[in-house]
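Visitor: I would like to learn how to read a model like this one, feature by feature. Where should I begin?

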Amino acid sequence: MTRPAARGGSRASADRLARLLNLVPYLLARPGIEIAEAAGDLGVTERQLREDLELLWVCGLPGYGPGDLIDMAFDGDRVTITYDAGIDRPLRLTPDEALALVVALRMLAETPGVANRDAVERALAKIEDAGDLVGAPVAVRLPGDTRRVEALRAAVEGGRALRITYYTAARDETTERVIDPLRVLMVGGRAYVEAWCRRAEAVRLFRADRIDAITELDEPATVPPQAVPHDLTEGVFRPSPDLPLITLRIGRGERWITEYYPCERVEAGDGDQWLVSLRVTDLGWARRFVLGLGPEVTVVSPPELAEQVRATAAAALDAYAVPVPPAVPRPPEGDADSAPSGDRAVAGHTQ
C-alpha cells in the first residue's frame, strides 16, 4: 500500500518542480496578472498557485541571502515578479556539461539490467543533436568481458538456460553448473548474472568475470516460484551474525581494509595499530585474504584462523627452502690409503 503512494508523491514533486521552473518566466511576461487568471492558464487551483508563490519566495541563487532570492510584489489579487534570480531564460548546457551528460547516458545505456533503455537512447539523441555534440567521438565501455556480458543478457532476454563453468573465490574452487538466469545487473562496477542455480537449488549471484565458459542450452529457463531476486541496494555482500567474525591487528599501511570492507568494529591500538573486526563468508577465504596482505597484519581471533595462516605460511616457506648439501663422508680412522684423498676432498670443498 505504501509503494503506490511513494510513486505518486514522487510524481507530484516532479510536476511541481516543472511548474515552478515555468512560473517565473510566465509571470515575468505578464506583470500584474491576476492570480485567478494565472491559475487558469497553468491548470492549477488558486490555492496551489499561492502555495507555489510562497515556495518561490525562498528560492534563489546559492548563498540564499535576501538579495539573491526571488522577490515579488502583490497588489490585491495581482502579482508581479520584481527579482527573478536569473530564472528568466531557458536552461542552456555548456559544452562541458553536455559532454558529461553524454558520457553518463552512454554508460547507463551500456549497463546490464537497465530498464527503459529506449528512454535513455532518446535522451541521448536529444542532447547529441543539440549544439556541437553531433557525432562527438565519445566511446564508453564498461570494464570486463563485453562479449560474456552480452551472452548473459541474450540468455535473459531469450529465456534460455545456461551451462557455466564458474570459479568461486570464497572456496577457491571451479565448478560446472546449470543456471536459469533471472537478470543481468551491475553492482559496484562489476557485472553479475542472478540466476536459479540447479546445483544449489537456490538463487545465486555469479560474477561475469569469474565465468570461465558459457553454453546456451536447447531448453528454456525454468525458474521456480520461490526464486526471488536479492535486494542489492546495499551491495552484494551483506554481513550477518551467523557468519564468522575475525579480528585483525593492522598497521597504517593496511588501513584501506576499513574503507573497502564492511567492518563491525574499528579501534585504535598501540602506536599506529588498529584492531579491526569484520564478518567473512568462511575462514578459507579469510586465510587467503590475510596471506595476501602485508607484514603489518596479525590475526587476533579466532584461534583456528591464526593456526591456518601459520600452517600455510610455514608450508610455503618449506617449499622454498634451499636443501642442505649432504656432508662428505670421512674415511675410517687408520685407513692409510683413503685418508689423504678424503682430506684433500674436504679441504677442496671448504676453500
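Guide: Begin with a definition: two strands count as paired if DSSP finds at least two bridges between them. The model here is a predicted one. One bridge in it joins Ala195 to its partner Arg204 in S7.

Visitor: How many bridges do strands S6 and S7 share, and in which sense do they pair?

Guide: S6, residues 190–197, pairs with S7 over six bridges in the antiparallel sense. Another position to look at is Cys197, which stands opposite Ala202 in S7. The hairpin of S6 and S7 has four residues between the strands, and Glu201 there takes a positive phi near 55°.

Visitor: What is the strand order of the sheet?

Guide: The order is S7-S6-S5-S4-S8, in an open sheet of five strands with antiparallel pairing. Strand S7 (202–207) and strand S8 (211–220) are the edge strands, each pairing on one side only. From one strand to the next the twist averages 45°.

Visitor: How many bridges join S5 to S6, and which residue is the partner of Met186 in S6?

Guide: S5 and S6 run antiparallel and are joined by eight bridges. Met186 has Ala191 as its bridge partner in S6. Further along, Ile179 is bridged to Cys197 in S6. Ile179 also serves on the other side, as the bridge partner in S5 of Leu162. That bridge belongs with the pairing of S4 and S5, which is antiparallel over seven bridges.

Visitor: Which helix lies across these strands, and at what angle to S5?

Guide: Helix H6, residues 146–158, lies across S4 (160–168), S5 (173–187), S6 and S8. The angle between H6 and S5 is about 75°.

Visitor: How many residues of S6 are buried?

Guide: The cut-off for buried is under 20% relative accessible area. Seven of the eight residues of S6 meet it, so S6 is largely enclosed by the rest of the structure.

Visitor: Is Glu194 buried or exposed, and which side chain does it join in a polar contact?

Guide: Glu194 lies in strand S6 and is buried, with a relative accessible area of 0%. Its side chain joins that of Arg183 in a polar contact of 2.6 Å. Setting aside neighbours within four places in sequence, Glu194 is in contact with several residues, among them Pro181, Leu185, Val203, Leu205, Pro229 and His230.

Visitor: Is Thr175 buried or exposed?

Guide: Thr175, in strand S5, counts as buried at 9% relative accessibility. The side chain of Thr175 makes a polar contact of 3.0 Å with the side chain of Arg177. Beyond its neighbours within four places in sequence, Thr175 is in contact with Ile164, Thr165, Tyr166 and Arg199.

Visitor: Now a helix. Which residues of H3 are buried, and why do they lie on the same side?

Guide: The general idea is that an α-helix has 3.6 residues a turn, so residues three or four places apart point the same way. In H3, residues 46–56, the buried residues are Leu49, Asp52, Leu53 and Leu56. They cover an arc of only 100° around the axis, which puts them on the same side of H3. Arg47 and Glu54 are exposed on the other side of the helix.

Visitor: What of the cysteines: how many disulfides does the count give?

Guide: A disulfide is a covalent bond between the sulfur atoms of two cysteines. To be counted, the two sulfur atoms must be within 2.5 Å. By this rule the count is zero disulfides. As for accessibility, Cys197 is buried, with a relative accessible area of 0%, whereas Cys263 is partly exposed at 25%.

Visitor: Last, the whole chain. How many helices and strands does the protein have, and what share of its residues count as buried?

Guide: The protein has 10 helices and 12 strands. Of its 351 residues, 29% count as buried. For contacts between residues at least 6 apart in sequence, 55% join residues at least 24 apart.

Conventions: Residues are numbered from 1 along each chain as its sequence is written. This is a predicted model: local features need pLDDT of at least 70, side-chain atom pairs count only at pLDDT 80 or more; totals for chains, interfaces and linings use all residues. Side-chain values use heavy atoms; hydrogens and water are left out. Helices (H or I, at least four residues) and strands (E, at least two) are DSSP runs, numbered from the N terminus. Axes are lines fitted to C-alpha atoms, for helices over the stretch in contact, and angles run from 0 to 180 degrees between N-to-C directions. Contact means heavy atoms within 4.5 Å. Buried means under 20% relative accessible area, exposed over 50%, partly exposed in between (1.4 Å probe, protein chains only). The arc is that of the directions from the helix axis to the C-beta atoms. A polar contact is a pair of N or O atoms within 3.5 Å; within protein, one must be able to donate a hydrogen and the other to accept it, and residues adjacent in sequence count only if both atoms are side-chain atoms.
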